[in-house]
Amino acid sequence: MEEVKRDAIKNGRRLMKSLTERNPKQPLCWIASARLEEDAGEMEAARQLIQKGCEECPNSVDVWLEACRIANARSSPNSNEAGKAVIARGLNLIPNSVKLWMQAANLEHDDSNKSRVLSRGLQHIPDSVLLRKAVVELATAEKSNEEEEEEEENANAKQSMNLSWEPERARMILAEARERGGGTERVWMKSAIVERGLGNVEEERKLLDEGLKKFPSFFKLWLMLGQLEERLDRLEKAKEAYDLGLKHCPNSIPLWLSLVNLEENLNGVTSARAVLTLARNKNPHNPQLWLAATRTELRHGNNKEADILMVRALHECPNSGILWAAYIESMVPLPPSQWMAKIMDALRKCDYDPHVIAAVAKLFWHHSEVKRARTWLDRAVTIAPDIGDFWALYFKFELQHGTDENQKDVLRRCIASQPKYGEKWQPISKALHNSHQPTEAILHQVVAVLGKEESSQQARQAPQTDRL
């Protein structure tokens with residue numbers, strides 16, 4: 001039976017190759033070829049074939065949907081990031097496809113993100129009854145699926161955060177939420193945030209301690225307790241908080257990274273290395289921890305060690321966009337002839353991850369390829385409009401190379417997207433003094449941070465043009 005199956009696959013491949021060569025603009029040929037490889041267990045071959053199909057039939061909705069399905073099949077369980085990147089590329093070419101917008105929404109886990117995607121679809125296809133119906137149904141289902149008590153509690157908690165100018169009212173609402181059945185972990189967290197904003201250190205600590213007794217596995221409470229101790233310059237106490245938090249939440253990467261930074265400040269790079277090694281042992285194949293390890297070495301001028309770690313990181317996490325992006329950024333001083341092959345390798349392995357795309361844009365920017373840099377930056381924000389770092393990079397680029405109209409366009413699109421993620425964006429947007437700042441103000445602050453980091457990076461890389 002195995003021999004018969006092998007012969008069937010072999011004959012099928014021969015037939016599919018003949019069909020695609022004779023009919024390269026026929027979408028069904030590429031779809032059938034990719035599915036044949038998928039049935040044979042050759043997922044990489046399937047991905048390459050359907051990607052070729054996207055290139056040959058860029059206006060075929062069916063090919064893009066198939067490419068999305070195969071991309072997700074190759075990804076880790078419960079992760080749709082690869083599929084999102086594929087659909088985003090398809091929508092760049094076919095923005096009036098209802099099917100692609102519906103699929104883009106289906107790939108989102110959060111209902112608010114689904115609604116955002118569908119709304120963007122309606123901007124392109126305002127007459128689509130299907131998209132409009134989906135938006136209405138999503139809003140209705142979201143409300144009906146929530147328990148009335150939980151809905152009220154969350155609404156009260158949210159309302160209280162809009163009052164960290166009416167602190168007493170905020171306290172009252174949150175206190176009522178805590179008393180009613182103990183409240184959720186988020187209620188305790190928001191209660192502590194209110195007190196933090198008012199500078200009531202002891203009350204903040206009390207709420208965190210009580211919240212942790214009820215919800216010891218909620219890592220954000222441990223994180224806030226450690227940050228409280230760090231603000232008070234009680235670094236040993238902060239270390240205790242992070243250590244205890246990791247006993248309850250050993251898979252919390254933010255806790256590990258906070259402990260690493262603290263150890264580096266307290267005891268130097270050797271101690272930070274030890275923590276990172278332990279973190280990677282407990283959380284294998286985690287690109288954030290590998291990236292932190294390479295950056296730690298770079299901060300201390302250990303460039304050779306950083307290069308070795310990056311090679312190991314890419315071996316363990318070969319499809320990580322953030323790692324490939326960091327690797328590409330390290331090639332900025334090199335001429336294009338030395339990095340084009342690596343770029344293509346990274347893009348293939350990461351299914352056009354937006355972090356890699358943004359890193360490629362930086363390379364073109366550095367080498368004064370203005371038109372190409374603008375194109376790649378636009379791709380990054382189109383694929384991942386929720387990541388504020390990409391908008392800041394794009395805006396910084398237009399401030400340097402664009403017209404007033406370019407700058408206003410990027411600013412307008414950024415405000416409309418309301419980004420909330422990003423390595424640089426989140427800490428700035430969540431800072432106490434920025435709690436009521438509009439998106440535009442946060443954008444300008446992130447641009448300033450990027451400028452400082454660029455100057456520092458250039459200083460480190462100046463004597464290293466012979467690396468890699």
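These are my notebook entries on a predicted model of one protein chain.

**Entry: overview**

I began with the secondary structure. I found 26 helices and zero strands. Next I checked burial. The chain has 468 residues, and 46% of them count as buried. I then looked up the exposed surface, which comes to about 24,600 Å². Carbon and sulfur atoms supply 51% of that area.

**Entry: a loop residue**

I picked H109. It sits in the loop between helix 6 (98–106) and helix 7 (111–124). Is H109 buried or exposed? Its relative accessible area is 57%, so H109 is exposed. I also checked its distance to N80. The two are 29 residues apart along the chain, yet their C-alpha atoms are separated by 8.8 Å.

**Entry: the second largest pocket**

I looked up the volume of the second largest pocket and got about 330 Å³. The pocket is lined by 18 residues, and R89, L347, Y352, W376 and R379 are the closest to its centre. Which helix gives the largest share of the lining? Helix 20 does, with four residues. Several helices supply at least two lining residues each, among them helix 3 (43–56) and helix 5 (81–93). By class, I noted 13 nonpolar, two polar and three charged residues in the lining.

**Entry: cysteines**

I searched the whole structure for disulfides and found zero. I checked C29 in particular. The nearest cysteine sulfur belongs to C57 and lies 8.4 Å away. A disulfide needs the two sulfur atoms within 2.5 Å, so this pair does not qualify. C29 is buried at 10% relative accessible area. C414 is buried too, at 0%.

**Entry: salt bridges**

Side chains of opposite charge can pair when their charged atoms come close. I counted 30 salt bridges in the structure.

- R171 pairs with E195, with the closest N and O atoms 2.8 Å apart. This pair links distant parts of the chain: R171 is in helix 10 and E195 in helix 11, 24 residues apart. R171 is partly exposed at 26%, whereas E195 is buried at 5%.
- D345 pairs with K349, with the closest N and O atoms 3.8 Å apart. Both lie in helix 20, four residues apart, about one turn of the helix. D345 is buried at 18%, while K349 is partly exposed at 34%.
- K424 pairs with E423 at 3.8 Å, N to O. K424 is buried at 15%, and E423 is partly exposed at 47%.

Last, I noted a network of salt bridges that links E81, K84, E108, R116 and D386.

Technical notes
Residues numbered from 1 in each chain as written. Predicted model: local features only at pLDDT ≥ 70, side-chain atom pairs only at ≥ 80, totals over all residues. Heavy atoms only, no water. Buried < 20%, exposed > 50% of the residue type's maximum accessible area, 1.4 Å probe, protein only. Areas by Shrake-Rupley, 256 points an atom, 1.4 Å probe, with all protein chains shown as cover. 1 Å grid on protein atoms, 1.4 Å probe; cavity = no way out; pocket = protein on both sides within 12 Å on 5 of 7 lines; lining within 4 Å. Points joined across faces, edges and corners; volume = space filled by probe spheres on them. Nonpolar A, V, L, I, M, F, W, Y, C, P; charged D, E, K, R; others polar. Salt bridge = Lys/Arg side-chain N within 4 Å of Asp/Glu carboxyl O.
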